[in-house]
Amino acid sequence: MQRWELRDRKPVGQWSKGRVTLVGDAAHPTSPYAAYGAGMAIEDGYFLGRRLAGVDLSDHQAVRRALEEFEEPRKPHTARQVQQAYLLGQVFHHAPRPLRYVRDLVLDHTPLLQKVVGESSPGEIVKQIAEIDKAEQRFAAAVGGQG
Ligand SMILES: Cc1cc2nc3c(=O)[nH]c(=O)nc-3n(C[C@H](O)[C@H](O)[C@H](O)COP(=O)(O)OP(=O)(O)OC[C@H]3O[C@@H](n4cnc5c(N)ncnc54)[C@H](O)[C@@H]3O)c2cc1C
């Protein structure tokens, strides 16, 4: 048996400095209640790779700009998911004792959990696919432009 403490951290306002940036849990540590921390880490890798495609890595200004443009749209999305995971963890495991009965009634007999976790969160995640489509178009234009 091993005690494995989960810790939550408030979203950080800046991921990139100069030619260095953060991705995954280093940028937005996500408690397991989103079941999406690894998913967001993979997305970060994808968006970072696409944003750096075609950038001259010896051009420090261009790299810095690319990193800033990478993190800007990622921050609000990841912050929402991290916050929701935190809230779910609080509701599931840290509700004050007198409220637990009410919590269980609500979770067992109302569609609240389905609405929040089953519909709204996947909706937000699916929006990332639209972002991937846009990134692919920009990438195709950049590669086409080079050819
Ligand atoms: C119990 C639990 C359940 C989860 N369930 C899900 C799920 O169902 N779906 C989901 O999408 N996500 C889930 N997650 C979240 C997911 O595991 C993380 O968000 C994801 O692993 C983050 O990936 P990462 O690559 O950013 O960081 P990590 O996976 O933490 O990788 C960082 C790596 O860097 C290494 N490292 C650290 N310091 C150094 C150093 N100085 N030098 C070299 N290496 C170093 C570490 O050893 C580690 O291997 C869960 C998390 C937990 C704790």
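A pocket is an open set of points, on a 1 Å grid over the protein atoms alone, where a 1.4 Å probe fits and protein lies on both sides within 12 Å along at least five of seven lines; its lining residues have an atom within 4 Å of a point. The volume of a pocket is the space filled by probe spheres set on the points, which are joined across faces, edges and corners.

This is a predicted model, in which local features need pLDDT of at least 70 and side-chain atom pairs count only at pLDDT 80 or more, while totals for chains, interfaces and linings use all residues. Residues are numbered from 1 along each chain as its sequence is written, and side-chain values use heavy atoms, with hydrogens and water left out.

| Pocket | Volume | Lining by class |
|---|---|---|
| Largest | About 440 Å³ | eight nonpolar, two polar, 10 charged |
| Second largest | About 220 Å³ | four nonpolar, five polar, three charged |

Of the 20 residues lining the largest pocket, Phe47, Pro73, Glu131, Ala135 and Arg138 are the closest to its centre. Helix H4 (112-146) gives the largest share of that lining, nine residues. The lining of the second largest pocket includes Arg3, Trp4, Tyr86 and His94.

The largest nonpolar core (buried Ala, Val, Leu, Ile, Met, Phe, Trp, Tyr and Cys residues joined through side-chain atoms within 4.5 Å, where buried means under 20% relative accessible area with a 1.4 Å probe, protein chains only) has 11 residues, among them Trp15, Phe47, Leu48 and Ala135. Helices H1 (37-52) and H2 (60-93) each supply at least two of its residues, and the largest share, five residues, comes from H2. Leu48 touches (heavy atoms within 4.5 Å) Thr21, Val23, Leu67 and Phe70, residues up to four places away in sequence not being counted.

Note on methods:
Buried means under 20% relative accessible area, exposed over 50%, partly exposed in between (1.4 Å probe, protein chains only). Helices (H or I, at least four residues) and strands (E, at least two) are DSSP runs, numbered from the N terminus. Ala, Val, Leu, Ile, Met, Phe, Trp, Tyr, Cys and Pro count as nonpolar, Asp, Glu, Lys and Arg as charged, and the others, Gly among them, as polar.
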